[in-house]
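Let's take a walk through a protein model together, starting from one residue and working outwards. Keep the 3D view open as you read.

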Amino acid sequence: MSDARTVRTGRLVLQPVTWRDMEDMVRLKADGGAFGQMLGGVCTRQQAERDMADDIAFWACHRVGIFTIHEHGKFVGMTGIHDRPDGRGFGLRFALYPWASGRGIAREAANAALSFTHNAGIPRVVAVAKETNLPSRSILKGIGMRECETFERDGQSMVVYESIRPS
């Protein structure tokens, strides 16, 4: 199934999340290797269901949001934009199953989601990573995001990146 919001890259298909993706998202968000570093961490089914409702409403309101990532038809993770609960604005996030990591999928998908978001008219997107999360920080730098701030959260040093839509 495809709609105008579907994004295709050389090997990936990104599609806006729908209720049909619920089981895939529940499994991904329960996986510590995939979601352990994410804001909020590993999720219960109930949390994943609340997130799904929020993500679908976000798409309806802002015309951007969270995508599922499929490689050759297989669900491998998620990426996209959400409204950060810390008030920093629209935030880019991405998470892959550990078995899908290390092949550039996160970078390819996050870059496609960021481009889609800017093309939809969103002028500024941020992303936050733990200072010690070098793989995520490398991806954020690699897709052109720039460090703009640091802060402490729960004793961890966090780095904020931003992308400003080209004029």
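Start by finding Ser 136 and looking at who it touches: leaving out residues up to four places away in sequence, its partners are Phe 94 and Ala 129. Keep in mind that this is a predicted model. Ser 136 sits in helix α5. Is Ser 136 buried or exposed? Its relative accessible area is 16%, and the cut-off for buried is under 20%, so Ser 136 counts as buried.

Now let's see what is around that spot. The largest pocket of the model has a volume of about 660 Å³. It is lined by 36 residues, and Ser 136 is among the ones closest to its centre, together with Gln 37, Phe 94, Ala 95 and Asn 133. You've met Phe 94 already, as one of the residues that Ser 136 touches.

Which parts of the chain build this lining? At least two residues each come from α2 (32-35), β5 (90-96), α4 (105-119), β6 (124-130) and α5 (134-142). Strand β5 gives the largest share, with 5 residues. Sort the lining by class and you get 20 nonpolar, 10 polar and 6 charged residues.

On to the second largest pocket, which holds about 410 Å³ of space. Here 18 residues form the lining, and the closest to the centre are Leu 39, Asp 51, Asp 54, His 82 and Arg 93. Two elements, α3 (45-62) and β4 (74-83), give two or more residues to this lining, and the largest share, 6 residues, comes from α3. As for class, this lining divides into 7 nonpolar, 4 polar and 7 charged residues.

Let's leave the pockets and look at the nonpolar cores. The largest one has 34 residues, and those with the most contacts inside it are Leu 14, Ile 69, Leu 92, Leu 140 and Met 145. Helix α4 provides the largest share of this core, 8 residues.

Try clicking on Leu 92 to see its surroundings. Setting aside neighbours within four places in sequence, Leu 92 is in contact with a long list of residues, including Thr 79, Ile 81, Ala 110, Ala 113, Val 125 and Ala 127. Leu 140 and Met 145 are on that list as well, and both are also among the residues with the most contacts inside the core.

Apart from this core lies another, made of 15 residues, with Val 26, Ala 48, Met 78 and Ala 95 among them. Ala 95 brings us back to where we were earlier, as it is one of the residues closest to the centre of the largest pocket.

Methods:
Residues numbered from 1 in each chain as written. Predicted model: local features only at pLDDT ≥ 70, side-chain atom pairs only at ≥ 80, totals over all residues. Heavy atoms only, no water. 1 Å grid on protein atoms, 1.4 Å probe; cavity = no way out; pocket = protein on both sides within 12 Å on 5 of 7 lines; lining within 4 Å. Points joined across faces, edges and corners; volume = space filled by probe spheres on them. Helix = DSSP H or I, 4+ residues; strand = E, 2+ residues; numbered from the N terminus. Nonpolar A, V, L, I, M, F, W, Y, C, P; charged D, E, K, R; others polar. Core = buried A, V, L, I, M, F, W, Y, C linked by side-chain atoms within 4.5 Å. Buried < 20%, exposed > 50% of the residue type's maximum accessible area, 1.4 Å probe, protein only. Contact = heavy atoms within 4.5 Å.
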